[in-house]
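Hello,

Here is the structure I promised to pass on to you. Please have a look at it first, and then read on for what I found.

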Amino acid sequence: MDLHRSRHRSRSRSAPVVFTSVLTLILASCAASSILSAQPAPRRTILAIGAHAGDVELTMGPLLTAESARSTRVVILDLTLGERGHPTLSVEQYAAQKRREATSFAAAIGAELEIGPYHDAEIPNDEAARRWVAAVIRRVKPTLVLTHWKESTHRDHATTSAIVRDAILLAALPGISGLDGQPHRGVSIWYAENWEDIPGFSPYVYVAVDSASWSRWRTAVSSFEFARGATGFPYVEYYDALGRVRGIEARKGHAVAFDIEANGKRRVLDSVP
């Protein structure tokens with residue numbers, strides 16, 4: 001009888017220990033799940049690639065400024081400084097000036113800036129350039145790439161567009177010899193509206209830009225001497241007016257328009273809407 005009571009008391013004492021251990025595991029699991037669910041979503045990244053310092057900043061700048069204000073990571077890649085476009089400064093002097101101007105713009109809107117290894121009017125339309133840009137894409141890991149339209153009166157613009165399109169594919173493929181970084185997929189590409197890239201361009205995507213971001217962009221891009229009209233074309237006034245026109249078309253205050261690949265415009269419906 002005493003032995004039976006002793007065994008009963010032993011089981012009674014041990015049962016709560018087992019329950020506590022299970023409860024501890026459950027609570028720990030819930031806490032871990034809560035921590036995992038609380039992790040912030042991956043930060044959206046836009047990579048804007050232009051042929052010359054000032055191209056991205058003018059044509060895509062309002063959108064980049066607005067997105068940066070929304071905490072989107074914005075990376076600007078100018079393949080060249082556009083150092084041969086000044087009527088009086090030497091190439092070296094203008095290169096230094098354009099680097100300062102591009103740096104000032106990026107800092108003003110909260111973007112990262114990278115300058116490519118190429119020279120104005122000499123961007124090579126070759127495999128090496130495509131691999132170089134693909135390596136940048138793998139490193140930056142953008143969700144959206146913005147660049148020049150496919151056709152242009154400026155050779156550097158058309159070349160940049162071709163390079164970027166192929167580089168996005170290279171960056172996504174595994175086993176590309178000599179290409180550093182892990183494959184990066186799922187990148188969309190939009191083409192910016194540029195007065196030199198008009199042939200075949202059709203505004204398709206309109207993105208509204210709030211007035212504060214538009215004003216901030218206008219101030220920032222005015223750091224470029226050429227944008228203020230020093231070389232004969234009033235760039236800031238042109239793109240400011242264009243943004244108002246696109247805004248009116250989109251029933252917004254200001255907007256920036258982009259084109260996309262033709263196959264991206266396909267709509268598949270199960271019935272007439």
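**The sheet and the helices on it**

In this predicted model, Val145 of strand β4 has Ile189 in β5 standing opposite. Next to that pair, Thr147 has Tyr191 of β5 as its bridge partner. Overall, β4 and β5 (residues 188-192) are joined by four bridges and pair in the parallel sense. Looking towards β1 (residues 45-52), you will find three bridges to β4, again with the strands running parallel. One position to look at there is Ile46, which stands opposite Leu144 of β4.

Strand β4 itself (residues 144-147) is covered on both faces. Leu144 and Leu146 are buried on one side, and Val145 and Thr147 are buried on the other. This fits a general pattern: side chains in a regular strand alternate between the two faces of the sheet.

If you zoom out, these strands belong to an open sheet of seven strands with mixed pairing, in the order β3-β2-β1-β4-β5-β7-β6. At the edges are β3 (112-115) and β6 (205-209), each of which pairs on one side only. From one strand to the next, the twist averages 30°.

Two helices pack on this sheet. Helix α4 (residues 91-109) touches β2 (73-80) and β3, and its direction makes about 155° with that of β3. Helix α5 (residues 127-140) touches β1, β2 and β3, and its direction makes about 165° with that of β2.

**Strand β7**

What is the situation of β7 (residues 254-259)? Six of its six residues are buried, so β7 is largely enclosed by the rest of the structure. His254, Val256 and Phe258 point one way, while Ala255, Ala257 and Asp259 point the other way, and all are buried.

The pairing of β7 is antiparallel with both β5 and β6. With β5 there are two bridges, and Tyr191 has Asp259 as its bridge partner in β7. So far, then, Tyr191 has come up as a bridge partner of Thr147 and of Asp259. With β6 there are five bridges, and here Tyr206 is partnered by Ala257 of β7.

**Helix α7 and its neighbours**

I spent some time on α7 (residues 211-221), and I think you will enjoy its contacts. As a reminder, two packed helices are described by the angle between their axes and the distance between the axes.

Let me start with α8 (residues 235-249): the angle with α7 is about 165°, and the axes are 11 Å apart. That makes α7 roughly antiparallel to α8. The crossing of α7 past α8 is right-handed. On the α7 side the contact is made by Trp214, Trp217, Arg218 and Val221, and on the α8 side by Val236, Glu237, Tyr239, Asp240 and Gly243. Sorted by class, the residues in this contact are five nonpolar, one polar and three charged.

Next comes α4, which packs against α7 at about 160° with the axes 9 Å apart. The two are therefore roughly antiparallel to each other, and their crossing is right-handed. Phe105, Ala108 and Ile109 of α4 meet Arg216, Trp217, Ala220 and Val221 of α7. This contact has six nonpolar residues, no polar ones and one charged.

How do α3 and α7 pack? The angle is about 120° and the axes are 8 Å apart. α3 and α7 are therefore oblique to each other, and α3 passes α7 in a right-handed crossing. Gly61, Pro62, Thr65, Ala66 and Ala69 of α3 make the contact with Ser213, Trp214, Arg216 and Trp217 of α7. By class there are five nonpolar, three polar and one charged.

**Helix α3**

Finally, a word on α3 (residues 61-69) as a whole: the helix is mostly covered, with eight of its nine residues buried. The buried ones are Gly61, Pro62, Leu63, Leu64, Thr65, Ala66, Glu67 and Ser68. After α3 comes Ser71, which has a positive phi, near 75°.

Happy exploring, and best wishes

Terms used
Residues are numbered from 1 along each chain as its sequence is written. This is a predicted model: local features need pLDDT of at least 70, side-chain atom pairs count only at pLDDT 80 or more; totals for chains, interfaces and linings use all residues. Side-chain values use heavy atoms; hydrogens and water are left out. Axes are lines fitted to C-alpha atoms, for helices over the stretch in contact, and angles run from 0 to 180 degrees between N-to-C directions. Angles under 35 degrees count as roughly parallel, over 145 as roughly antiparallel, 65 to 115 as roughly perpendicular and the rest as oblique. A crossing is left-handed if the near helix is turned anticlockwise from the far one by less than a right angle, and right-handed if clockwise. Contact means heavy atoms within 4.5 Å. Ala, Val, Leu, Ile, Met, Phe, Trp, Tyr, Cys and Pro count as nonpolar, Asp, Glu, Lys and Arg as charged, and the others, Gly among them, as polar. Buried means under 20% relative accessible area, exposed over 50%, partly exposed in between (1.4 Å probe, protein chains only). Two strands pair if DSSP finds at least two bridges between them.
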